[in-house]
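Q: Please take a close look at the open and enclosed spaces of this structure, and describe what lines them and what occupies them.

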Amino acid sequence: MSRGTTLEVRPAALAANAREARRRAGGARVYAMVKANAYGHGMALAAAAFAPHVDGFGVAVLDEARALRALGVSVPVMLLEGPFDAAELAEASDLTLELVIHSLWQVDLLEAAPQPVTVWLKLDTGMHRVGLPLAEADAALARLQILPGVQVAGLMTHFACADEPRDHLTASQLAHLTRIAAQHQLPWTAANSAALCRYPDTHGALVRPGIMLYGGSPLGGTPAADVGLSVTQRLSARLIAVNSIPRGDSVGYGASWVAERDSRIGVVAIGYGDGYPRHAPAGTPVAVGGQRTGLAGRVSMDMLTIDLTDLPQVQVGDNVELWGDTLPVDEVAKACGTISYELFCQITARVARRVENG
Ligand SMILES: *Cc1c(COP(=O)(O)O)cnc(C)c1O
């Protein structure tokens, strides 16, 4: 019996989600965000699945862009954090990337050694992470537009709250961006998955979906299935032991979980060494044979324990789903106080990957 800890990745579901993004985008171009190894799904596999349905890709760092070009991707690739230094700028130009310029020091880099590049100037419209302050936009644009070889594709911003049920910020962020874009008659891009799904007026020239392509819900509180998204990955592991625990005994590190009744406790071959979150509390849902139960006791490096008292038919060797079809990743994320993005990105190399065709 092999360990059986497996991440199943589904190219057909990735493609279906890209089609859904395309459908919702209307006339806007669609760049699929494939940073962080395509949110943990595998860059090569995801890019191939998305390619027929999108106009380009987005990555965070140059290594990721280089990997995409090495795969033979010839469509536009947007470098979301732009170049970090002159050497990166030169390579980005060689790779014909679209560079996001978010700070004046990057304008300085371009002035010091102008390269033939396409740039998107990123403005801080209210998220206050990166992007130029609005008051600096005109001067920075003027500096960029006179540089030889530099093509300004448009303006960009990123929303802080487009996924929040109560969202007071997106409308004002959009108003700032569109006002400056209109003044300069430039195209603009703003929408992540949440805005793409929720606010058609944010689509602009180009949308930048990420999480929705991977089947995570882009809208807090709305299940992904209700947004028309397919499940792109299933994380599962095998049950390697089942123990009878008398009422009053504890399970696992710290003896933090105490049986309130005579219990059957299953041991599953996955832990934080595989990327399952260690901080998942007791009760975090898992599924066995299509039925739900929950964690009992702390997650260890290589194992975790689940309560099987009400699932007497479950046996050693059975497959346990940590997230996937029975258990939406968003529910697990919520139980762990995090988001699907983080769960996807944390799976380690120790987990076997299986590509499911069809
Ligand atoms: C990651 C990223 C996105 C995609 O966001 P999702 O919430 O995953 O859709 C869009 N734009 C930028 C700048 C990003 O960094």
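A: Two helices, α10 (329–335) and α11 (340–346), each supply at least two residues of the lining of the largest pocket in this predicted model. The largest contribution to that lining is made by α10, which gives 5 residues. The volume of the largest pocket is about 690 Å³, and among the 33 residues that line the largest pocket, those closest to its centre are S217, L219, G221, T222 and D330. Sorted by class, the lining of the largest pocket consists of 16 nonpolar, 11 polar and 6 charged residues.

The ligand, for its part, takes up the space of the second largest pocket. Around the ligand there are 13 residues, of which K35, Y39, S193, I211 and Y341 come nearest, and by class this shell comprises 7 nonpolar, 4 polar and 2 charged residues. Polar contacts to the ligand involve both side chains and the backbone: an N or O atom in the side chain of R208 is 2.9 Å from a nitrogen atom of the ligand, a polar side-chain atom of H158 lies 3.4 Å from a nitrogen atom of the ligand, and a backbone N or O atom of I211 lies 2.8 Å from an oxygen atom of the ligand. As for the cover that the protein provides, the ligand taken alone exposes 390 Å², and 91% of that is buried by the protein. I211 therefore appears twice in this account, being within 3.5 Å of the ligand through its backbone and also listed with the residues that come nearest.

Enclosed space is a separate matter from these pockets. The structure holds 1 cavity of 30 Å³ or more, and the volume of the largest cavity is about 30 Å³. The residues that line the largest cavity are K122, L123, D124, T125, M127, R129, V130, T157 and H158, and by class they divide into 3 nonpolar, 3 polar and 3 charged residues. H158 links the two parts of this description, since H158 belongs to the lining of the largest cavity and also has a polar side-chain atom 3.4 Å from a nitrogen atom of the ligand.

Technical notes. Residues numbered from 1 in each chain as written. Predicted model: local features only at pLDDT ≥ 70, side-chain atom pairs only at ≥ 80, totals over all residues. Heavy atoms only, no water. Near = heavy atom within 4 Å. Polar contact = N/O pair within 3.5 Å; in protein donor to acceptor, adjacent residues only side chain to side chain. Areas by Shrake-Rupley, 256 points an atom, 1.4 Å probe, with all protein chains shown as cover. 1 Å grid on protein atoms, 1.4 Å probe; cavity = no way out; pocket = protein on both sides within 12 Å on 5 of 7 lines; lining within 4 Å. Sits in = over half its atoms within 2 Å of the grid points. Nonpolar A, V, L, I, M, F, W, Y, C, P; charged D, E, K, R; others polar. Points joined across faces, edges and corners; volume = space filled by probe spheres on them. Helix = DSSP H or I, 4+ residues; strand = E, 2+ residues; numbered from the N terminus.
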